[in-house]
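Reader: Please take one part of this model and examine it closely, explaining how it sits within its surroundings. I should also like each term to be given with its cut-offs.

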Amino acid sequence: MIEGILIGLSTALSFTNILMVMVGCFAGTIIGMLPGLGPMTAIALMIPITYGFDPSTGLILMAGVYYGAVFGGSTSSILLNAPGVPGTVATAFDGYPMAQQGKAGKALAIAAYSSFAGGTISAIFLLIAAPSLSKVSLSFQSPDYFALMILGLTAISAFSSKGQFLKAMMMVILGLMLATVGQDSLSDITRFTFNNMNLTDGISFVLIVMATFAMSEALTIIFRGKDPNRAAKQISLTELGSIKVNKEETIKMAKTIPRSSILGFLIGVLPGAGATIASFLAYGMERNYVNEEEKKKFGKGSVHGLSAPETANNAACSGSFVPLLTLGIPGSGTTAVMLGALLGFGIQPGPRLYQTNPEIFWSVIMSMYIGMVILLILNLPLIPYIARILAVPRNFLIPLILFFSVTGIYLMSFNNFDIFLMIGIALVATFLRLYDFPMPPLILAFVLGGLMEETLRRSLLISDGSPSFLWERPITLIILLVTTIIVGWQIFSTFRKKN
Amino acid sequence: MRISPTKFISLLFLVLSVLYLYSAYNIQVFAFDENAPFNARTFPIYLGYAGIFLSSLKIILPEKTTVIVDHKVLDYKSIIYLIIVSVIYGAVILKIGYFLSTSLFLISSYYLLGERRWIWMFTLSFPFVAIFMYLLHGVLNIYLRDPLLQYLGIIG
């Protein structure tokens, strides 16, 4: 492990990679700050830029963007009560009241310190957990992987759908259907191409991400006629106040951070769960932990109430890398985008990544520490200036997002068809969003589609076409039982609420 | 009877799943693969049935919460304009080149969204695209096809 850490450090500390972490954190902060645009959009917009880099550098840039976007989301939550990302909704509960009391600078500082601490502690957990889990997951066979993917897709549908489980599951199926377009990986038989040569290689992952996130989020902002920056124009830099945190507040944070970090990391590891659930659970847990007097301050600018979700959402970000790096199965929409980018680089994440590409495995983990430090030392003093980005009018913002989306596709194929296909998918996604059909399950399913078909093929060939592979191995059976419990719980909660 | 938009979308998804399943059964596989435990048809067939099952459930089951979208507040005009401009952009990008088409796309999009500050509109189009192209092509060495600039000898 020490050798791995050194490999990771030497890669992550190269001039280019440090620069990429800085650029990533900065760009992520800016994009994440804009309400409506989350980490997935931020990462999607970065994909074209990573084409020119080696895989480690590309992934380090995307990891920096991820953290930056989550941090940026907190800023708009605190200043505007308009969370940039769902994972920072809970931040607004106490961050915004604090800002209204003239302590916006302090709230931003508490959020920054908590994010830093949560991210750093969970990166240590990741350092310990990832190699061990990689070794365990080497014993996994095709049926186990197939079951794990079913679990991941079910879990993300259950957790990301705001109670609309069936809608999310329909999006999963749509994502899997889109993944089957093009040549079959084994037989090279073309499927669902309708004799269109442009579809022979299938639909590009970047196209799907750009269409369902970057472009469709931009169109949704226009469609709803909402200007994410309208409220921001009222922000005056002088109103932010001091960013100094006093001793009493530091003690409160010191109590909250460890428990929220552990909770956030564990939630992040779970497939489908993530920063949003982690932050809400941490907020609720913290409210139960504190004394009665502190409890009354919740919702009115409590330090505990601000620190807990901020710590947990960053810890969950690190946690979500565990299934990606060790099993090759992303647990969230954001890590699914990263998996797609890695596959684009010709790298298959999974238990063998630890042995075959140690520099990637370790440099990503080490870059997380560096990213956290950079977020703290770069962003905290610059917050008053970065906050100005919230005043960029949508008249400029939306065309620029569309421009980045089209450029990403153009760079990939130099083909008109892909641009038209992206516009078409983005339009459909925009309408689906209006009626609360979630997009992360679609992305995760699209990314996992090929691997899922492959593991199902192997499993069925081994069992000679019998479905017995689903219950022959204890691991497969346990994973499928957990999946059944999640589905059962969703059905139960639907009927319980109805009655 | 009035059908809710969510159920209507589910109905469309049901139709899509049926068509997908029909196409899945019509995938041509090799003769020796026809009766294999798994061939190019197997996975799509499962997906088709899953799609039919889930969308049927969504149509049949009563809705827990109804999503209400007020179409009066939706800005259809801007969306349609932006889509038209984007389609034109996609259509001409190969012919007139990345630099010119992108700059014109940006200027027209700013204008359509109500921007009238021409200095900003210009700055965030031609010079902005030029800098972006330089970063991609010159610094990051990412190939950017632009027949016009190649013809003019500006890029190699």
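**A helix of chain B and its setting**

Author: A compact globule of 156 residues would have a radius of gyration near 15 Å, whereas chain B has 25 Å. That radius is taken over C-alpha atoms, and the globule rule is 2.2 Å times the number of residues to the power 0.38. The model is a predicted one, in which local features need pLDDT of at least 70 and side-chain atom pairs count only at pLDDT 80 or more, while totals for chains, interfaces and linings use all residues. Residues are numbered from 1 along each chain as its sequence is written, and chains are lettered from A and ligands numbered from 1 in the order in which they are written.

Along the principal axes, the C-alpha atoms of chain B fill a box of roughly 60 × 55 × 25 Å. Chain B is divided into domain 1, residues 5-60, and domain 2, residues 76-151; these bounds come from an automatic or database domain assignment. The C-alpha centres of the two domains lie 40 Å apart. Seven helices and zero strands make up the secondary structure of chain B, and its elements run α-α-α-α-α-α-α from the N terminus on. Helices (H or I, at least four residues) and strands (E, at least two) are DSSP runs, numbered from the N terminus. Of the 156 residues of chain B, 26% count as buried. A residue is buried if 20 or more other C-beta atoms, placed from the backbone, lie within 10 Å of its own, exposed if 12 or fewer do, and partly exposed in between.

The part chosen for the close look is helix 4 of chain B, residues 98-112. At 1.5 Å a residue, its 15 residues should span 21 Å, and the end C-alpha atoms are 21 Å apart, which agrees. The expected span is 1.5 Å times one less than the number of residues. The buried residues of helix 4 are Tyr98(B), Phe99(B), Ser101(B), Thr102(B), Phe105(B), Leu106(B), Ser109(B) and Tyr110(B). Their cover comes from both chains: it includes helix 18 (394-413) of chain A, together with helix 3 (76-96), helix 5 (118-123), helix 6 (126-139) and helix 7 (147-151) of chain B. After helix 4 of chain B comes Gly114(B), with a positive phi near 105 degrees.

The part played by chain A in that cover leads to the interface as a whole. Here 50 residues of chain A are in contact with 57 residues of chain B, contact being C-beta atoms, placed from the backbone, within 7 Å of each other. On the side of chain A that touches chain B, at least two residues each are supplied by helix 8 (165-179), helix 9 (205-223), helix 18, helix 19 (416-434), helix 20 (440-462) and helix 22 (474-498) of chain A. Helix 18 of chain A gives the most to this side, with ten residues. By type, the residues of this side divide into 31 nonpolar, nine polar and ten charged. Nonpolar residues are Ala, Val, Leu, Ile, Met, Phe, Trp, Tyr, Cys and Pro; charged ones are Asp, Glu, Lys and Arg; the others, Gly among them, are polar.

Two loops of chain A adjoin helices named above. Asn195(A) lies between strand 2 (190-191) and helix 9 of chain A, and has a positive phi of about 60 degrees although it is not a glycine. Asn195(A) counts as exposed because 7 other C-beta atoms lie within 10 Å. Asp436(A), in the loop between helix 19 and helix 20 of chain A, also has a positive phi, near 60 degrees, and is a residue other than glycine. Asp436(A) counts as partly exposed because it has 16 C-beta neighbours inside 10 Å.

As for the partner chain itself, chain A has 22 helices and two strands. With 499 residues, a compact globule would have a radius of gyration near 23 Å, and chain A has 22 Å, which agrees. Buried residues make up 63% of chain A. Chain A averages a pLDDT of 83, and 92% of its residues score at least 70; pLDDT is the predictor's confidence in each residue, from 0 to 100. Confidence in chain A is highest in helix 8, at 94, and lowest in helix 16 (residues 353-356), at a mean of 74. Where pLDDT is low, the predicted coordinates should not be read in detail.

Conventions: Contact = placed C-beta atoms within 7 Å.
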